[in-house]
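Visitor: Got a minute to walk me through this one? I'd like quick answers.
Guide: Sure, go ahead.

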Amino acid sequence: MTTLQVKNLSKKFHGSEFSAVNNISFELQNDEILALVGPSGCGKTTTLRLIAGLERPDSGSILLNGETVASQSVFIPPEKRGIGMVFQDHALFPHLTVFDNVAFGLRGKNQNDIRSIVGEMLHMVGLLSFSKRYPHELSGGERQRVALARALAPQPVLVLMDEPFSSLDADLRTEVREHVRRILKTIQATVVFVTHDQDEALYMGDRLAVLQKGQLEQIGNPQEIFHESNTRFVAEFMGDSDFLKGKVMRDGIQTEIGLIKQQVDLPLSTQVEIALRPDDIDFHIDGSGNSLIIERFFRGPFNLYRLRLDSGQILHAFTEHTRILPVGARVQAHVNTDHSLNIFSS
Amino acid sequence: MIVSPRLLISAGLVALFVAIPLIYIFIRAAGANPEDWQRLLQTRIWKLLGNTLLLTLSVTTGALITGVSMAWFTERTDLPARKIFRWLLAMPLAIPAYIGAIVHLAMLRPRGGYVPQFLANLFGQEIFTPSPFGFWGATFILTFFMYPYVYLLSAAAFRSLHASLEEAARTLGRNPLQTLFQVTLPALRPGLTAGALLVALDILAEYGTVALLRYETFSSAIFIQLSGRYDRSSASVLSGILVGLAILFLWSELRLQGQARFTQVESNWRPASLFNLGKWKIPSLFIVLGVVSISLLIPAIVLLIWSIQALLDPETLIKIFHTGSQGFGSYIWNSLWSSGLAALIAVTLSIPVALLAVRYPNRLSQIISRICQVGYAIPGVVIALSLVLLVNRFLPFLYGTPLIVVMAYVLRHMPQAVRSSESALKQLSPTLEEASRTLGRTSIQTMFQVTLPLILPGLLAGGSLVFLTSLKELPATLLLRPAGFDTLAVRVWAWATDGFYVQAAPAAFVLIFISALPLYFLLRREQIFR
């Protein structure tokens with residue numbers, strides 16, 4: 001069943017030259033987590049706020065469970081949309097206890113119901129014993145979980161999360177996001193999740209929507225986005241690609257590091273660019289090789305090498321963490337991968 | 001968020017309410033009898049303009065020098081007892097300048113003043129002492145009762161300035177004094193200039209002190225036109241010019257407020273190292289003690305002695321407690337309720353304006369917010385004139401009721417409420433309100449359940465400020481009060497100008513004591529007192 005439909009949504013802020021959101025359309029199925037990902041200023045947060053009803057769209061429409069909540073003629077205010085939202089800064093009410101924060105969205109229910117729902121929610125996020133505390137007495141991770149419990153308590157049809165982990169420390173972030181994804185999947189929530197972090201998007205999203213400059217570049221499952229990037233931007237943003245020039249030949253693509261055997265639907269001799277990620281490249285010491293080791297970064301589980309081809313082109317390559325080669329050594333680099341590469345005509 | 005039309009309309013109405021008295025003054029000034037203009041231009045205006053500007057300049061300079069140097073002593077040096085001096089240097093805010101003037105006048109009067117008498121007895125002949133009257137007297141008194149504004153601003157700025165800034169100057173070859181003048185003070189300049197302009201606006205509006213010390217400015221001249229001669233046409237002309245001048249100052253101040261400050265508190269803030277006074281410790285202590293004595297200790301001690309004298313003298317006691325049908329309790333009650341009501345109204349009206357200006361910043365909301373701060377530029381005498389004219393014409397039933405006094409307080413002190421509410425709202429993340437909306441509250445419910453409870457301390461601070469300044473207000477109260485409506489300020493003034501200092505003292509003492517309570521609450525919120 002379709003929970004959310006966004007149709008040709010556009011929004012331009014007063015005094016701004018560019019549209020924050022430019023003709024975006026997508027749909028979201030029940031129980032699905034969609035990660036909206038893109039660099040800062042790409043329009044992902046604005047899209048979220050439009051869905052929440054915190055902003056009014058210039059054109060286009062938003063449907064929740066088939067019912068229009070925003071269009072040219074309709075605008076349902078946020079309090080009537082039945083949407084839960086988790087804010088970047090958590091936005092816990094500092095004058096209310098953890099219990100009252102979670103109960104805030106449950107007005108109109110009787111006291112017993114409220115108590116049992118809040119208890120259930122706090123149990124779910126592991127904070128049942130914290131219910132009498134105030135937000136300032138909690139750690140960052142605990143606040144994050146209260147914010148989630150508060151958003152989920154009224155059983156919203158849709159949960160919106162705006163960079164919910166960005167205020168947490170790096171090591172805590174991984175732990176909290178695993179916990180949060182487990183909770184969201186347990187209660188089968190429908191979620192739109194906004195992040196600028198590609199790792200987080202790949203981890204959280206059942207599907208990913210990549211945005212740039214207010215436009216939707218690509219939407220699909222994580223593997224599609226990663227391996228079958230539609231645009232150069234998506235390939236670059238998702239997974240730090242290098243782009244190597246090449247020419248379409250009969251049996252593959254001729255590049256500076258040899259022939260890449262991959263058939264493309266382009267006329268012969270077309271100039272193309274191949275997106276190469278560090279795990280696609282392999283190399284070995286070779287005095288007459290095609291490139292030079294410029295730098296090596298020890299990254300713990302692996303080594304990241306920076307290679308310079310004779311043309312000046314830079315490529316990055318992973319090797320296992322025990323394989324240490326000297327900077328300045330001449331090596332022969334080549335493509336070594338079992339999946340097809342993203343190729344863009346230039 | 002989407003601005004609700006309700007909010008826009010309420011803020012617009014508040015701005016209109018505040019703007020009308022101002023616009024009306026200009027209309028009356030422009031429409032005044034051309035002969036009055038002619039006569040005033042030839043006779044009065046240039047003299048008044050010179051007097052007023054000269055006093056403004058001298059007091060602003062004096063207050064800046066005193067305020068900044070006192071702040072430097074308490075925040076940047078190893079002066080002993082800094083913690084106590086911080087309080088003592090800020091507390092004169094509870095003493096209206098005219099009460100300070102009354103005390104110092106009694107001390108320094110050429111004939112019969114305590115100091116000349118004491119010196120004459122000591123030496124057996126008359127010794128020359130400087131006269132407290134005229135330009136120098138007014139400069140002296142106003143400097144010592146206005147500097148606390150500058151002191152608080154600069155102490156806070158000294159406090160928030162990054163230590164690394166001064167340390168960088170030191171590593172680049174500047175000694176501590178060069179650092180102070182080449183780095184620290186220039187960094188504080190925008191904040192200090194804004195503070196100085198507010199002091200200047202207060203001087204333009206000052207009535208009691210200049211009247212008492214017989215130095216004629218626009219404010220005192222307008223007061224005489226209104227109370228003695230009932231010449232409203234001339235008063236309108238003078239008011240128009242005075243407000244035009246004040247608007248110029250306020251406009252500069254608002255522009256400075258709008259600019260980003262040089263200084264800001266950052267997360268890795270740490271205090272700067274203190275300047276070692278060394279052999280200057282004792283002289284410095286005497287300087288600071290001198291300022292505290294003139295502005296706080298002498299007035300407090302003299303008023304205390306007078307009050308005791310008054311309470312011990314049955315004749316004076318009867319006069320204090322029974323003047324006509326009124327008693328001492330009614331002065332206190334009148335002061336409390338009129339100032340309290342003004343504070344309540346001003347804060348309530350400031351809420352929609354602050355919400356609009358902070359949550360939906362654009363050209364229109366900025367204009368509305370600035371119009372609501374125009375009260376800074378309308379001296380009490382001008383508010384009184386404008387209200388007399390307006391109320392007589394459009395709301396005659398208000399005339400002759402104390403409510404017209406309350407209205408004057410609200411109009412004059414509204415800017416303080418607007419600024420407090422705005423700064424409180426700026427510290428509140430808008431996501432809290434948005435969270436409330438997504439959890440099923442309407443914008444009105446959100447305001448009452450989330451926004452207002454959270455900005456309450458800021459609103460109370462704004463209210464205290466309005467209350468404090470209304471309590472001290474003199475010229476508008478004198479001109480607008482209905483017969484028999486006596487406040488503490490009015491009684492102090494009436495008795496003191498008749499020469500009954502001892503009789504005025506208990507009322508002055510109570511007035512200062514009541515002012516000190518909200519002031520204590522306000523100062524506790526300041527960073528330097530934490």
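Visitor: Start with R49(A). Buried or exposed?
Guide: R49(A) is buried, because its relative accessible area is 15%. Buried means under 20% relative accessible area, exposed means over 50%, and partly exposed is in between (1.4 Å probe, protein chains only).

Visitor: What should I know about the model and the numbering?
Guide: This is a predicted model, where local features need pLDDT of at least 70, side-chain atom pairs count only at pLDDT 80 or more, and totals for chains, interfaces and linings use all residues. Residues are numbered from 1 along each chain as its sequence is written, chains are lettered from A and ligands numbered from 1 in the order in which they are written, and side-chain values use heavy atoms, with hydrogens and water left out.

Visitor: Back to R49(A). Where is it in chain A?
Guide: R49(A) sits in helix α1, residues 44–52. Helices (H or I, at least four residues) and strands (E, at least two) are DSSP runs, numbered from the N terminus.

Visitor: How far is R49(A) from D162(A)?
Guide: In sequence, 113 residues. In space, 9.0 Å from C-alpha to C-alpha.

Visitor: How many helices and strands does chain A have?
Guide: Chain A has eight helices and 20 strands.

Visitor: And chain B? How many there?
Guide: Chain B has 23 helices and zero strands.

Visitor: What boxes do the two chains fill?
Guide: Along the principal axes, the C-alpha atoms of chain A fill roughly 80 × 50 × 40 Å. For chain B the box is roughly 80 × 65 × 50 Å.

Visitor: What is the radius of gyration of chain B, against a compact globule?
Guide: Chain B has 24 Å, which agrees with a compact globule of 530 residues, expected near 24 Å. The radius is taken over C-alpha atoms, and the globule rule is 2.2 Å times the number of residues to the power 0.38.

Visitor: How much of each chain is buried?
Guide: In chain B, 55% of the 530 residues count as buried. In chain A, 51% of the 346 residues do.

Visitor: What do the chains expose?
Guide: Chain A exposes about 16,000 Å², with carbon and sulfur atoms supplying 47%. Chain B exposes about 23,000 Å², and there carbon and sulfur atoms supply 67%. Accessible areas come from the Shrake-Rupley method with a 1.4 Å probe; for residues, only the protein chains shown count as cover.

Visitor: Now the contact between the chains. How many residues does each give?
Guide: Chain B gives 20 residues and chain A gives 23. Contact means heavy atoms within 4.5 Å.

Visitor: Which residues supply the area that chain B buries against chain A?
Guide: I2(B), T438(B) and L439(B) supply 31% of that area, more than any other three residues.

Visitor: What is the area buried between chain B and chain A?
Guide: About 2,000 Å², with 62% from carbon and sulfur atoms. Buried area is the accessible area (1.4 Å probe) that two parts lose on being put together, summed over both.

Visitor: Switching topic. Which helix holds R86(B)?
Guide: R86(B) is in helix α4 of chain B, residues 82–90. R86(B) counts as buried, because its relative accessibility is 12%.

Visitor: What is R86(B) in contact with?
Guide: Leaving aside neighbours within four places in sequence, R86(B) is in contact with T74(B), E75(B), Y151(B), R159(B), I528(B) and F529(B).

Visitor: And P176(B)? Which helix is that in?
Guide: P176(B) is in helix α9, residues 176–205 of chain B. P176(B) counts as partly exposed, at 33% relative accessibility. Beyond four places in sequence, P176(B) is in contact with R170(B) and F275(B).

Visitor: One backbone item. What is phi of N23(A)?
Guide: Near 55 degrees, a positive value in a residue other than glycine. Most residues other than glycine have a negative phi. N23(A) lies in strand β2, residues 21–29 of chain A, and is partly exposed with a relative accessible area of 46%.

Visitor: What about phi of K213(A)?
Guide: Near 45 degrees, again a positive value in a residue other than glycine. K213(A) is in the loop between β9 (207–212) and β10 (215–220) of chain A. K213(A) is exposed, with a relative accessible area of 64%.
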